[in-house]
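User: Hi! I'd like to go through this complex with you, starting with how its chains meet and then turning to the empty spaces.

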Amino acid sequence: MPTRNTSPMVRPGASGRAVEGGDKRERARHGAARRRGRSERFAPYVLIAPAVLIIVALRLYPLVLGVNFSFTGDGEANGTAVGFANYLELLDDPLFQTALANVGLLVLLLPVAVAIPGLLATFIYLKVPGHRFFRSVYFFPAVLSPVIVGAIFNLMLAFDGPLNEFLGAVGLGPVDWLGDPGVAKFAVVGVQIWATFGMALVVFLAGFATLDSSLLDAARVDGASLRQSIWHVIIPSLSQTIQFVFVTTMIGMLTSMFGLLYVMTSGGPEGSTYLPEYYIWIQQGQMNRPALASAASTVLFLIMLVVGLLQISVLRRAGRED
Amino acid sequence: MKRTLSAGVVVLALTVAGCGSATRPASTPTESAGAAGAASKLVVWDWKSGEPYAASYIEKAKADFAKKHPNVTVEFVPQPFEQYYTLLGAAMQTKTGPDVMLFNGGGQIRDRADSLLPLDEYVAEDKSRLAGWEAFAKDGKTYGAPVTLQGHPIYYNKALYEKAGITAPATTWDEFLANCDKLKKATGAACFALGNKEGIGPQFWLSGMGSGVLTPAEYDDWIAGKRDWKSPHVKKIFEMFKETGDKKLNNEGANSTAMFTDIFSVFNTGKAAHIIGLMSDIGHWKDFGEFIGPDKVGIMLAPVVTEGATPSLPYDGGIGYAVAKWTKDPKAAADLVRSLTTTDALSSFSAEAGAIASDTTISAPQDAPVVGEIVAQLKAGKPALHVAMDSKTIDLMGRLSQKLLSGSATVDEAVEELAASDQEN
């Protein structure tokens, strides 16, 4: 190495310069690293800032305002704090109680709403004759708006409508589908399921695409019946898909039935088809009780929060099992 | 789990934060900034100005207003009626709404009176020319000027009457029931066309039949707010309503038939002989006349049930314009309301929209003889009973009426619940 042979006079200086230069570089490197470290530390915050700001400004802030508003009065008491008066009034209102009871009914009917698309998807997957045709036909109602669906079924289910005419022709008495409180809520839920099961069906079919067909073949070779195949092979393999459909169907039922109710029953007969959403709309728009409506909205929000958290925990547990 | 907890904390924080604190105080006094001369703009909300039949009415009103306030521009914003009060409620909450707005008379305007400007000092001159002011008044103050009159005549199908050999409408309830029998046997038509899906049926019933059941004193007390729910006559009105269900006098499936779309066609197609309809806007003489013939539409007064009752046509101000409290130029806004209720503008509206206008000095359209009968009844007419009630009790009455028809509530239970709600509000 030529440097070894250089004079000792030069060496220290040279090395001194080298050290000096190295120090500068080191410092620069350190500085850059520090800067990089700082900017790296802030980068995530900067990157999520737009999303956070949007959520805070457009979601959380209005939510806080709404909750705050629910503790104020209506009409002459507008703007003055009334504590929990609105919530107490809600608890006392038989109409709101009916609305909450109907939420319970929807939860109870959820398995039906999930089982129907699940079964139909199974048949399509098993390639029943005409499965291609059914695949598109089943999806068709999902593209119709609730108002159109409601109008169609208003005609179909009218007292002098085609369904009752058919029942009359086969010798059964007419049913007041939308006028009998015991029947109307099931009629509306039935229409909701009819209108939305197409989407769940598509999710199920996507789930089937990941299903290991050799398992089904093996079951068939072992002589399993259709019921046994569904119960022991298909359902366990699709557990995650089924849970996903449960969550989305529940949310759909709780938040998107307003259009149907508005068109088909107006909450009637006898207030039997009220849901919290419809109640909120009536109080805000028809009764001029915005603060009471805010209180009802807060209650609906809490219900959705509890339902959502329960469902997330169920999904997470299912994820761990896999 | 962590996320569950933090979400819970957020909710708790929100709940606590909400307690006690309130939004800004209700009313801030509006200063009258724009004097009559200064250039400014008035915004009007309604659900009529977008309709073709209202075009010449709006034009005439605008022209009249321009003469008084040449520097003030007026913008009409038609809103969809289904969402009108929802939108208006939100606008009123923020106090950024229109300066002038259309209202239905009765509960809708009274419930919002605290956001409206009393118009008495501005409209004094119009008081005797226009009818129907009571529906726009609360606690002795007038908050709106009527454009149309809305009422509930009992319409009947003269062709069906002829077929059944009935020469004149009944004057007593028993006679009326007998006529219903005859009509059913001769024509197969139901006695009443009743659409009670939205629960509107009992409002029309209460007002249509009430004057034949309540004594004049009871009637006036009811309108004045002294409603005696313990009176056997009040109960009788609801018993009669239930009777129409029990005796199958209504069309089938009344609780699932919509009032404003389906039930009028039941009457129009001769499937029912009577309907308690409206006078303006929809479901009135003009609509019915187009189907069953203008000369076949008749109106009758409520059959008498109680001795001493004097049947009269129930009507009120139908729709009318009001002024918001927060408007910057109350005088100009009130003048616009006056321009919207001139004789000239109203006669246009009456002729083209098929409405009974509030102006008593204009003559009704001549192509329908029944209009003459309605107008003749106006003088002796009284405010409708249901318009005097608050919207919450009206809503409750709708649900209870469905229960009465289906048999899941008794008349006693219904009247008791209504009394409690009426006295509370």
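User: Happy to start at the interface: how many residue pairs are in polar contact between chain B and chain A?

Analyst: Keep in mind that this is a predicted model. The count takes in pairs with both residues at pLDDT 80 or more. Between chain B and chain A it comes to nine residue pairs.

User: Which helices of chain B each supply at least two residues of the side that touches chain A?

Analyst: The side of chain B in question is the one that touches chain A. Helices that each supply at least two of its residues are α1 (2-18), α3 (81-94) and α16 (391-406).

User: And how do the residues on that side of chain B divide into nonpolar, polar and charged?

Analyst: The contact takes 40 residues from chain B and 43 residues from chain A. For the chain B side, the classes are nine nonpolar, 17 polar and 14 charged.

User: What area is buried between chain B and chain A?

Analyst: Carbon and sulfur atoms give 54% of the buried area. The area itself is about 3,400 Å².

User: Which side chains meet in the salt bridge across the interface?

Analyst: A search of the whole structure finds 23 salt bridges over all chains, while the rule finds one across the interface of chain B and chain A. Its closest N and O atoms are 3.7 Å apart, which is within the 4 Å cut-off. The pair runs from helix α16 of chain B to helix α2 of chain A. The two partners are B:K392 and A:E89.

User: Let's move on to the pockets. Which residues lie nearest the centre of the second largest pocket?

Analyst: This pocket has a volume of about 1,500 Å³, and 49 residues line it. One of the central residues, B:K392, also forms the salt bridge with A:E89. Nearest the centre lie B:D111, B:D390, B:S391, B:K392 and B:N425.

User: Which elements of chain A each supply at least two residues of that pocket's lining?

Analyst: Both chains take part in the lining of the second largest pocket. From chain B come α4 (107-110), β4 (137-138), α9 (216-224), α16 and α17 (411-424). From chain A come α2 (85-92), α3 (94-125) and α12 (276-286).

User: How many charged residues are in the lining of the second largest pocket?

Analyst: The lining divides into three classes, with 19 nonpolar and eight polar residues among them. The charged residues number 22.

User: Now the cavities: which element gives the most to the lining of the largest cavity?

Analyst: The count comes to three cavities of 30 Å³ or more, and the largest cavity has a volume of about 110 Å³. Its lining takes two or more residues from each of α8 (201-213), α10 (232-246) and β10 (272-276) of chain B. With three residues, the element that gives the most is α8(B).

User: How many charged residues does the lining of the largest cavity have?

Analyst: There are 13 lining residues, of which B:A193, B:L194, B:G201, B:W205 and B:I276 lie nearest the centre. By class, nine are nonpolar and four are polar. The number of charged residues in this lining is none.

User: Last one: which helices of chain A each supply at least two residues of the lining of the second largest cavity?

Analyst: The second largest cavity has a volume of about 80 Å³, and its lining residues include A:N102, A:L105, A:K185 and A:V188. By class, the lining has seven nonpolar, three polar and one charged residues. The helices you asked for are α3 and α7 (181-209) of chain A.

Note on methods: Residues numbered from 1 in each chain as written. Chains lettered and ligands numbered in written order. Predicted model: local features only at pLDDT ≥ 70, side-chain atom pairs only at ≥ 80, totals over all residues. Heavy atoms only, no water. Contact = heavy atoms within 4.5 Å. Buried area = accessible area lost by both parts, 1.4 Å probe. Polar contact = N/O pair within 3.5 Å; in protein donor to acceptor, adjacent residues only side chain to side chain. Helix = DSSP H or I, 4+ residues; strand = E, 2+ residues; numbered from the N terminus. Nonpolar A, V, L, I, M, F, W, Y, C, P; charged D, E, K, R; others polar. 1 Å grid on protein atoms, 1.4 Å probe; cavity = no way out; pocket = protein on both sides within 12 Å on 5 of 7 lines; lining within 4 Å. Points joined across faces, edges and corners; volume = space filled by probe spheres on them.
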